[in-house]
Amino acid sequence: MKRLIGISDIHGEYEKLCAVINNISPQRDDTIVFMGDYIDRGAKSKEVVDKLIELGDVCNCVYLIGSHEYAMLHAKSSEYYNYLFWNYGGDATAKSYGNFDNIMKIHGDFFNNLKFYYIQDNYLFIHAGIRIGVPLEEQSEEDMVYIRTEFYKNKHHLPYKIIFGHTEFDTPQVQDDKICIDTGCGKFKNASLTAIIIENSNEYFISS
């Protein structure tokens, strides 16, 4: 059976990613939506991205942009995003790649082609969320990767259930109109990486 799968906020934790993927056992007809924040904090950002690219040969993979990739991509052109990148774990990413410039030399095509959201069936996958009351096509890039409280504490009224990460909780947060699957991987030592599996209109979770 085809499954729709979401994974978010890996943060360089290669072993936890591998554990979740092994538990999922992806099949050719599956679609996995990776929802950003692949890099920073953990020690193996490069290995994480290598693994994500490899999985594209196993099943259908969609790669979204997270706040950490957004900061990295703008670090050279913006003092603000340069600060965010280096102060929220960018040193671990640079070390993983050898140095900062190697990030784009090695995986530039991957990072330059990340999408901001993905819609399939009745689900919308996005890294952080949306600004409520603004049409989807008019959302700002910054809101889609950085918004928090204004989104997850209010109903959004779009015709989709939104699957998102970015704001960590101890367990997946399930609401009528949205589900957050960021359980703190990479931010807290013992935090797990969580995936959501959507199969036959049923939703369940698998963790590392």
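Let me start at isoleucine 181, which sits in the loop between β8 (178-180) and β9 (194-199); I should say at once that the model we are looking at is a predicted one. Is isoleucine 181 buried or exposed? Its relative accessibility is 0%, and because buried means under 20% relative accessible area, this residue counts as buried. If we set aside the neighbours within four places in sequence, isoleucine 181 is in contact with Gly6, Ile7, Ser8, Met35, Phe164, Thr194, Ile196 and Phe205. Take Phe164 from that list: phenylalanine 164 lies 17 residues away along the chain, and yet the C-alpha atoms of the two residues are separated by 6.4 Å.

Let me move now to the strands at the beginning of the chain. Strand β1 (residues 4-7) is joined to β2 by 4 bridges, and the two strands run parallel; one place to see this is leucine 4, whose bridge partner in β2 is threonine 31. Between these strands comes helix α1 (residues 14-24), and β1, α1 and β2 together make a right-handed β-α-β unit.

On to the next strand, β3 (residues 60-63), which is joined to β2 by 4 bridges, again in a parallel arrangement. Here isoleucine 32 has cysteine 61 in β3 as its bridge partner, while phenylalanine 34 stands opposite tyrosine 63 in β3. With helix α2 (residues 45-55), β2 and β3 form a right-handed β-α-β unit.

Which way do the side chains of β2 point? In a regular strand the side chains alternate between the two faces of the sheet. In strand β2 (residues 31-34), Thr31 and Val33 point one way and Ile32 and Phe34 the other way, and all of them are buried.

Next, please find helix α5 (residues 90-97). Of its 8 residues, 6 are buried, so this helix is largely enclosed by the rest of the structure. The buried ones are Gly90, Ala92, Thr93, Ala94, Ser96 and Tyr97, and what covers them includes α2, α4 (79-87) and α6. Just after α5, glycine 98 takes a positive phi of about 105 degrees.

How does α5 pack against helix α6 (residues 100-112)? Two packed helices are described by the angle between their axes and the distance between the axes. For α5 and α6 the angle is about 85 degrees and the axes are 7 Å apart, which means that α5 is roughly perpendicular to α6, since angles of 65 to 115 degrees are counted that way. By class, this contact has 6 nonpolar, 3 polar and no charged residues. On the α5 side we find Thr93, Ala94 and Tyr97, and they meet Phe100, Asn102, Ile103, Ile106, His107 and Phe111 in α6.

Finally, let me turn to another sheet. This is an open sheet of 5 strands, in the order β4-β5-β6-β8-β7, and its pairing is mixed. Which strands are at the edges? They are β4 (117-120) and β7 (173-174), each of which pairs on one side only. Within the sheet, strand β6 (residues 161-164) is joined to β8 by 3 bridges, and these two run parallel; isoleucine 162, for example, stands opposite lysine 178 in β8. That brings us back to where we began, as isoleucine 181 is in the loop between β8 and β9.

Definitions and conventions: Residues numbered from 1 in each chain as written. Predicted model: local features only at pLDDT ≥ 70, side-chain atom pairs only at ≥ 80, totals over all residues. Heavy atoms only, no water. Buried < 20%, exposed > 50% of the residue type's maximum accessible area, 1.4 Å probe, protein only. Pairing = 2+ DSSP bridges. Right-handed = clockwise from strand over helix to strand, strands pointing away. Axes fitted to C-alpha atoms, helices over the stretch in contact; angles between N-to-C directions. Parallel < 35°, antiparallel > 145°, perpendicular 65-115°, else oblique. Contact = heavy atoms within 4.5 Å. Nonpolar A, V, L, I, M, F, W, Y, C, P; charged D, E, K, R; others polar.
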